[in-house]
Amino acid sequence: DEPEPVECSRYQPEEQVDLVLSFIGRQSSADSPWCMFLSWGPPHGPFDPPPTYRAAHDGKPLRANVPPGEGTDFARKNQPGYHGLIASLDVSFGRLMDGLEASGQADNTIVVYTSDHGEMMGSQGCRAKRWPHDESIRIPLIVRYPDVIPAGTSTDQPVSAMDFFPTLCDLAGLTVPPDLDGVSAATLFRNGRDEHREEFAYCPMHYGHVPWPGWRAVVNARWTYAETIDGPWVMFDNLNDPLQMHNLVNIPAASSDLQFLRDVLRTKMQEAGDSWDFRLDTGDFRKWEATRK
């Protein structure tokens, strides 16, 4: 059934959960599968949660990789609101799960909690998204499906957003469409490990706060490596440098690891049909191209 547009009269996530629970309550037949996609606006800016949520995070320390200056100023102003928005979603999501449980459908429903990007919040002196740092590219991915995924299962093998579609098809017992860029992570979720799965996630950013046409990266538990059209840009050893404060691109002792990661990235780009020739017809691109002539 097609819902009518609704104008929110109170805090948006709370009203959206009401709408979702109303929908779930109307799904009573086990023979009628349903799918619900709830996309919250928070924690996008402006970082303005209800006051009680913000107050709970006032005065909390900044991440150690937030440098003095603009990064610190931005984080001190906005971090309490940002964390307050996240806390408010925890409450809203809990209420949604309670309602799903009360409907009797929790055990045979696949629930996925995730996001499309993070927020730098002053780390590395940056704000917003589109950076190849953990604060921007690492996102939550929590999947609940009691009959298939053991409770408490976790993994350090990477999963990327393009894996979501084939994974959900696989978990639901549907045929995974051919020629997808992503790969099902269903076996990984069931077992916590999948020996046949790639050890690197591919992270392309075709535009952003770097020279056009953006950057491409490969990431796993150990490494984050990104380059631009001009060559290597950043390389971090995530195990020994979890705050990503030491760029190893120009460190001679890391040259063999750098070459390995460059080869992995090249392979990933080829597999995805990606190249530095990818173009978007935007004013930003034309401005950048003009500076290179």
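In this predicted model, the side chains of D274 and R216 meet in a salt bridge, with 2.7 Å from N to O. The pair connects distant parts of the chain, its two members lying 58 residues apart. D274 sits in the loop between α7 (255-271) and α8 (283-291), whereas R216 belongs to strand β4 (residues 215-219). Both ends of this bridge fall in the buried class: D274 has a relative accessibility of 13%, and because buried means under 20%, it counts as buried. R216, at 0% relative accessibility, is likewise counted as buried.

Salt bridges that share partners also join R10, E14, E15, D18 and R95 into one network. Side chains of opposite charge can pair when their charged atoms come close. Within the network, R10 forms a salt bridge with E15, for which the closest N and O atoms are 3.9 Å apart. R10 also meets D18 in a salt bridge, at 1.9 Å from N to O. The structure as a whole holds 15 salt bridges, and three of them are set out below.

| Salt bridge | N to O distance |
|---|---|
| D274 and R216 | 2.7 Å |
| R10 and E15 | 3.9 Å |
| R10 and D18 | 1.9 Å |

The residues around R10 vary in their exposure. R10 itself is partly exposed, with a relative accessible area of 41%. Its partner E15 is buried, at 12%, while its partner D18 is partly exposed, at 31%. The value for E15 lies under 20%, so this residue is classed as buried. The value for D18 falls between the limits of 20% and 50%, and D18 is therefore classed as partly exposed.

Charge also appears on the surface without such pairing. D98, E101, D107 and D147 form a negative surface patch. One of these residues, D98, is found in helix α3, which covers residues 70-102. D98 has 56% relative accessibility and counts as exposed, because exposed means over 50%.

A nonpolar position offers a view of the interior. V111 lies in strand β1 (residues 111-114) and is buried, with a relative accessible area of 11%. The C-alpha atoms of V111 and V143 are separated by 5.6 Å, although the two residues stand 32 residues apart along the chain. Apart from neighbours within four places in sequence, V111 is in contact with F93, M97 and L100, and also with I142, V143 and R144.

These local features belong to a chain with eight helices and six strands. Along the sequence, the elements follow the pattern α-α-α-β-α-β-α-α-β-β-β-β-α-α. Of the 293 residues in the chain, 40% are buried. Among contacts between residues at least 6 apart in sequence, 56% join residues at least 24 apart. The accessible surface of the chain comes to about 17,000 Å², and carbon and sulfur atoms account for 53% of that area.

Key: Residues numbered from 1 in each chain as written. Predicted model: local features only at pLDDT ≥ 70, side-chain atom pairs only at ≥ 80, totals over all residues. Heavy atoms only, no water. Patch = residues over 30% accessible without salt bridge, like charges linked within 9 Å, V, L, I, M, F, W, Y side chains within 5 Å. Areas by Shrake-Rupley, 256 points an atom, 1.4 Å probe, with all protein chains shown as cover. Salt bridge = Lys/Arg side-chain N within 4 Å of Asp/Glu carboxyl O. Lys, Arg positive; Asp, Glu negative; His and termini not counted. Charge placed at Lys NZ, Arg CZ, Asp CG, Glu CD. Helix = DSSP H or I, 4+ residues; strand = E, 2+ residues; numbered from the N terminus. Buried < 20%, exposed > 50% of the residue type's maximum accessible area, 1.4 Å probe, protein only. Contact = heavy atoms within 4.5 Å.
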